[in-house]
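Let's work through some exercises on a protein structure together. Keep the sequence and the 3D view open, try each task yourself, and then follow the solution step by step.

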Amino acid sequence: MGEILVVVEHRKGEIREITREMLFKARELCSGASHELAAVVLVGDDAGSMVQEVAKMADKVLVFQGPRFENFDSHVYGEVLTSLVRERKPFLTLIGHTSWGMDIAPALAVKSGYPLATDCVNILLEDGRPFAIRQIYSGKLFSRVSFRESAGYVFTVRPGAFLVPEGELQREGQIEMHEPYPHMAKTGKEFLEFVDTGAGDVDITQAELLVSVGRGVGEEENIARIRELADVMGGTLSCSRPVVDKNWLPKYHQVGTSGKSVKPKVYFALGISGAFQHVAGIAGAGTVIAVNKDKKAPIFRVADYGVVDDLFNVVSALKEKL
Amino acid sequence: MNIVVCIKRVPMTQEVDLIIDEGKKGVRKEELAYVINDWDNYAIEEAVLLQEKFGGTVTAVTIGDEEDEEVLRRALAMGADKSVRVDPGARELDGFVVAGILARVIRDLEFDLVLTGVQADDDNLGMVGIMVAEKLGIGHASVVVGVEPEGDQARVKVELEGGMDEVSNLRLPALLTVQTGINEPRYVSIMGIRKARKKELNVIGVEELGLSEEDLTPMTRIEEVFLPPETDGAEMLEGDSSAVAEQIIRIIREKGVSI
């Protein structure tokens, strides 16, 4: 009997979905082994209803409140979590595999001496021993990871790996207000602002048909051919990350976790391999049609229809018919 | 501004069939082509861009065997001044051990900034950089898409989920894990790589670093590598391009989109 600790991620007063997903998974892990589920919230003076919302999903909510928790600071989180972990020795600590989580978890693992598995798509307990299931080679293979024996273990959890069923988790967790650790060293970080990178001339979230292009397009010049096809089809042009990384299309065309989540009736993916960050962005799409040269491309695992071919063969044939 | 950049050579796995090896702990690597880890390529470019603007030296560090020197020579050709390869010998490595080795090497170098990629394309860990920072006792930021040094701090832009960036000032020295797209990595010619052979490349055996057995013992172990679980998967459209195009048009129309 031990504790499973979930680090609550929130932004601009809203709990991030990954938090609910982790609490749901942690609950499942608790029930198999009678562990207790504690959630830790670091929040500024105005917590809104966040703490109460978390309390519905945990046995205990540990709250650290004050101006220094107003904005995310990996240094501050690191100090608080390390003290907390040293004090409570949670058996498992769950942190989101997000930009923020990736900044906290490895530091916590080093400070606490606990083993860490990142970007887990599953966490298993077998005879009380934890194992992580995680993807390698960009999702082409899975691995099962074991740990050096330790009092506690740290996991970062892939967003979207555990889907929360509707209408569950109505608990009344006990809320504990904690004194912010007074000895905390001065941080070297100063938050300045959030910048919205998603706004632009095109709103891909409203499109019925998205003609989406990925790394398989090969050259910048070829983007024009896909744009023509999108125009002929009456669809909107979107893309995956590599196309934006290469500056071939502006960021507001990007579908995926760091871009936009879309919900077209049809998502037509051309030369997109289907990294999980991309696939997470098309969960709301009605029908997915994918064209890729690589028959093992992960996109075919989530697509409804697939074509194994050079995308330009398909593009030319479509243009001829329309 | 002195910068250390940590890089890795990884197998190219796009459009390649990976074959699980007999021990089921990894993949058969004999037939795979190797490249610089994509994220690290951006990290090198960022280091060189900063050096061009602010002066100082760029040192590239990797852990691996002689063949892995390929990525160091590439970094030198892009503009790094010197490089270090740590030879791990037969040591088993995980993210924790790699971070310990890198931190030990970097501690002896002069640096204002340490750059790594967000993650490597093979093990997809995304933990090594921040572990190095913690072991060095310096500040850090993950998934960085912009860096502007100014005096003893840097304005750092971090990419968050959902089309949002977070901008902060971070005191130097610091470690940043660099996201793809932060810059446009320069082209490297074979000639450039040849010329870079004149630049410094030091090789250190891991046993010379004086790390403890504890630091060199992995915390995690891959027990098994396996294929992704079966899904229903896509219904594959067959026929020549013309027949495929007709089916695509029909499906799109059936779903209520007029084209």
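**Exercise 1.** Which residues are buried in helix α9 (residues 311–321) of chain A?

*Solution.* Before we begin, note that this is a predicted model.

Step 1. Go along α9(A) and pick out the buried positions: Leu311(A), Val314(A), Val315(A), Ala317(A) and Leu318(A).

Step 2. Now look at what these residues pack against. In chain A, their partners are α5 (223–233), β15 (266–270), β16 (287–292) and β17. Chain B adds a partner too, namely α6 (241–254).

**Exercise 2.** Stay with α6 of chain B and find Ile252(B). Is Ile252(B) buried or exposed?

*Solution.*

Step 1. Count C-beta neighbours inside 10 Å of Ile252(B): there are 24.

Step 2. Compare this with the cut-off: a residue is buried if 20 or more other C-beta atoms lie within 10 Å of its own. Ile252(B) therefore counts as buried.

Step 3. Leave aside the neighbours within four places in sequence and list the contacts of Ile252(B). They are Leu209(A) and Val266(A) from chain A, with Val257(B) and Ile259(B) from chain B.

**Exercise 3.** How many residues does each chain bring to the contact between A and B?

*Solution.*

Step 1. Chain A gives 76 residues and chain B gives 67 residues.

Step 2. Sort the chain A side by class: 33 residues are nonpolar, 22 are polar and 21 are charged.

Step 3. Look for strands that pair across the two chains. Strand β17 (residues 305–308) of chain A runs parallel to strand β13 (residues 235–236) of chain B, with 2 bridges between them. Here Gly306(A) has Met236(B) as its bridge partner.

Step 4. Find another pairing of this kind. β12(A) and strand β9 (residues 164–171) of chain B are antiparallel and joined by 7 bridges. In this pair, Glu193(A) is matched with Val167(B).

**Exercise 4.** What is the strand order of the open sheet that starts with β11(A)?

*Solution.*

Step 1. Trace the 10 strands one by one: β11(A)-β5(A)-β4(A)-β1(A)-β6(A)-β10(A)-β7(A)-β8(A)-β9(A)-β12(B), with mixed pairing.

Step 2. Check the edges. β11 of chain A and β12 (220–226) of chain B each have a single partner strand, so one side of each has no neighbour in the sheet.

Step 3. Consider the twist: on average, and ignoring direction, neighbouring strands of this sheet are turned by 30° against each other.

Step 4. Zoom in on one pair inside the sheet. Strand β1 (residues 3–7) and strand β4 (residues 36–43) of chain A are parallel, with 5 bridges. Val6(A) sits opposite Ala39(A) of β4(A).

Step 5. Add the helices that pack on the sheet. Helix α1 (residues 17–33) of chain A touches β1, β4, β6 (92–96), β7 (116–126) and β10 (153–157) of chain A, and its direction is at about 175° to that of β1(A). Helix α3 (residues 74–88) of chain A touches β1, β4, β5 and β6 of chain A, at about 155° to the direction of β4(A).

**Exercise 5.** How many of the 5 residues of strand β11 (residues 174–178) of chain A are buried?

*Solution.*

Step 1. The count is 0, and this strand is hardly covered.

Step 2. Find its partner: strand β5 (residues 60–65) of chain A pairs with β11(A) in the parallel sense over 5 bridges. One matched pair is Val63(A) with Met177(A).

**Exercise 6.** Where do the two domains of chain A lie in the sequence?

*Solution.*

Step 1. Domain 1 covers 3–178 and domain 2 covers 204–321.

Step 2. Look at the spacing: the C-alpha centres of the two domains of chain A are 34 Å apart.

Step 3. Count the contact residues: 6 residues of domain 1 of chain A meet 6 residues of domain 2 of chain A. On the domain 1 side, 1 is nonpolar, 3 are polar and 2 are charged.

Step 4. Finish with the whole chain. Chain A has 9 helices and 17 strands, and 53% of its 322 residues count as buried. A compact globule with 322 residues would have a radius of gyration near 20 Å, so the 22 Å of chain A agrees.

Conventions:
Residues numbered from 1 in each chain as written. Chains lettered and ligands numbered in written order. Predicted model: local features only at pLDDT ≥ 70, side-chain atom pairs only at ≥ 80, totals over all residues. Pairing = 2+ DSSP bridges. Helix = DSSP H or I, 4+ residues; strand = E, 2+ residues; numbered from the N terminus. Rg over C-alpha atoms; globule rule 2.2 N^0.38 Å. Buried ≥ 20, exposed ≤ 12 C-beta atoms within 10 Å, placed from the backbone. Contact = placed C-beta atoms within 7 Å. Nonpolar A, V, L, I, M, F, W, Y, C, P; charged D, E, K, R; others polar. Domains from an automatic or database assignment. Axes fitted to C-alpha atoms, helices over the stretch in contact; angles between N-to-C directions.
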